[in-house]
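Hello,

Here is the structure I promised to pass on. Please open it alongside this email, and read my notes below with it in view.

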Amino acid sequence: MTAPRVLVTRHLPDGGLDPLIEAGYDVTLPIPGEALSHSDVVALIPGHAGLVCDLTDLTDAEVIEAGLPTLQVIATVSVGFDKIDRVTAAAHGVAVTNTPGVLDETTADLAFLLILTAARRSSGAEADLRAGRWTGWAIDDHLGVDVHGATLGLVGFGRIGREVARRAEGFGMTVLHTSRTPTGIEGHVASLDELLERSQIVSLHIPLTPETRGLIGAEQIARMPAGSVLVNTARGPIVDEDALVDALESGHLFAAGLDVFDGEPKLNPRLLTAPNITLLPHIGSATYATRTSMAKMSSASVVTVLQGATPDNLVQPPR
Ligand code: NAP
Ligand code: GLV
């Protein structure tokens, strides 16, 4: 019997492919230093039983149908699966897996970094220092807003949102959260509007879905108290970036911190010149340990599916 073939769209951290190699699978990789494009994947996928991709790969009907009838599993090295056409995958019995759990703490750390750096305007302060604009300590220089004691509103209270909440406790913050399903946990507020109105710092922890695309627009930002802070480590298209820049320019929002962008890696040029904004290149889960765990988890879930079992990290088709 020939070994199952698995297509991997880019090189993974050391050890990331171990579960596939240990299972004796035949792994197809791009040439060193390169990644497969959408058209490469469409051309290469015929005959493969598994696809290991990531959140930058558009895994649409064209990719999935090109992989039929052999394709059985798509494993994304990310917890977000918004680039995968789950409807087409389900229609053809192709399993989809992601990497929940292993990146929660690392991503929550990064969200907290953005909360702190946005509220304390540390990116701008460091830029001033590096550019020689710092002339010495001054009582009214580089003033920020306090994180400790502030009310933090978490939009989405799943794995990562809960880890951010745990960190916020250490800062003596009041933590509110919202989600479609009442959590029964103290701090749950029934509506997004109420959460926005009551929070001084808002951090987003929801998936990108048709329902959440554009969820935070001009109307929602206007509900946030004057002088508040918005942080997005979820997905760029959840926030209307022009409305965000308008609110920073008008001074309604004090500051913002973004790790994710609509249309990334291209950036809305207005973000680059907006005041009091920290921009990071989608590094929420970017630690050596976490990225290795994510890669191993994806490879292991391919093996689980191809061995006929159901992995814990199976992504369900849309409701
Ligand atoms: P999760 O455990 O599935 O939690 C998602 C939360 O969002 C749940 O509380 C869910 O509750 C809520 N939710 C879903 N739709 C909602 C809506 N329309 N309105 C309000 N709440 C809604 O997901 P997670 O593991 O925490 O990850 C969250 C997202 O973070 C991922 O999907 C990914 O996009 C992003 N992420 C980014 C990075 C990064 O590098 N920046 C790293 C990891 C993850 P209900 O279903 O009850 O509404
Ligand atoms: C990162 O954005 C992820 O979804 O894992």
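The second largest pocket holds about 700 Å³ of space. Keep in mind that this is a predicted model. Lining that pocket are 32 residues. Nearest its centre lie Asp54, Leu55, Thr56, Glu264 and His282. Two elements give two or more residues to the lining: β3 (50–53) and α12 (288–306). By class, the lining of this pocket splits into 16 nonpolar, seven polar and nine charged residues.

Some of those names come back below, so here are the ligands.

Ligand 1

Around ligand 1 there are 25 residues. The closest are Arg159, Arg180, Thr181, Thr233 and Asp259. The shell is made up of eight nonpolar, twelve polar and five charged residues. Three polar contacts are worth a look:

- Phe157 offers a polar backbone atom, 2.9 Å from an oxygen atom of ligand 1.
- His282 uses its side chain: a polar atom there lies 3.3 Å from an oxygen atom of ligand 1.
- Gly284 has a backbone N or O atom 3.3 Å from an oxygen atom of ligand 1.

How much of ligand 1 does the protein cover? On its own, ligand 1 has 930 Å² of accessible area, and the protein covers 86% of that.

Ligand 2

Ligand 2 has Leu55, Ser78, Val79, Gly80, Leu103, Arg235 and His282 around it. That shell divides into three nonpolar, three polar and one charged residue. Again, look at the oxygen contacts:

- Val79 places a polar backbone atom 2.8 Å from an oxygen atom of ligand 2.
- Gly80 also has a polar backbone atom 2.8 Å from an oxygen atom of ligand 2.
- His282 has a side-chain N or O atom 2.6 Å from an oxygen atom of ligand 2.

The protein covers 88% of the 190 Å² of accessible area that ligand 2 has on its own.

Keep an eye on His282. Its side chain contacts an oxygen atom of ligand 1 and an oxygen atom of ligand 2. His282 is also among the residues nearest the centre of the second largest pocket. Leu55 is in that central group too, and Leu55 is one of the residues around ligand 2.

The cavity

How many cavities of 30 Å³ or more are there? The count comes to one. The volume of the largest cavity is about 40 Å³. Its lining consists of Asp54, Leu55, Asp57, Thr76, Gly80, Phe81, Asp82, Lys83, Ile84 and Arg235. Of these, three are nonpolar, two are polar and five are charged. Leu55, Gly80 and Arg235 line the cavity and also appear in the shell of ligand 2. Asp54 lines the cavity and sits among the residues nearest the centre of the second largest pocket.

The chain as a whole

The secondary structure comes to twelve helices and eleven strands. The radius of gyration is 21 Å, close to the 20 Å from the globule rule for 319 residues, so the chain is as compact as a globular protein of that length. The C-alpha trace spans about 75 × 50 × 35 Å along its principal axes.

Backbone oddities

Most residues other than glycine have a negative phi, and most peptide bonds are trans. Three places in this chain depart from that pattern:

- Leu68 to Pro69 is a cis peptide bond, with omega near 5°. Pro69 sits in the loop between α3 (61–66) and β4 (73–76).
- Glu264 to Pro265 is also cis, with omega near 10°. Pro265 is in the loop between β10 (253–258) and α11 (269–273).
- Asn276 is not a glycine, yet its phi is positive, at about 50°. Asn276 lies in the loop between α11 and β11 (277–279).

Note Glu264 here. Glu264 comes before the second of these cis bonds, and Glu264 is among the residues nearest the centre of the second largest pocket.

Best wishes

Notes:
Residues are numbered from 1 along each chain as its sequence is written. Chains are lettered from A and ligands numbered from 1 in the order in which they are written. This is a predicted model: local features need pLDDT of at least 70, side-chain atom pairs count only at pLDDT 80 or more; totals for chains, interfaces and linings use all residues. Side-chain values use heavy atoms; hydrogens and water are left out. A residue is near a molecule or strand if one of its heavy atoms lies within 4 Å of it. A polar contact is a pair of N or O atoms within 3.5 Å; within protein, one must be able to donate a hydrogen and the other to accept it, and residues adjacent in sequence count only if both atoms are side-chain atoms. Accessible areas come from the Shrake-Rupley method with a 1.4 Å probe; for residues, only the protein chains shown count as cover. Ala, Val, Leu, Ile, Met, Phe, Trp, Tyr, Cys and Pro count as nonpolar, Asp, Glu, Lys and Arg as charged, and the others, Gly among them, as polar. On a 1 Å grid over the protein atoms alone, a cavity is a set of points where a 1.4 Å probe fits but cannot get out, and a pocket is an open set with protein on both sides within 12 Å along at least five of seven lines; lining residues have an atom within 4 Å of a point. Grid points are joined across faces, edges and corners, and a volume is the space filled by probe spheres set on the points. Helices (H or I, at least four residues) and strands (E, at least two) are DSSP runs, numbered from the N terminus. The radius of gyration is taken over C-alpha atoms; the globule rule is 2.2 Å times the number of residues to the power 0.38.
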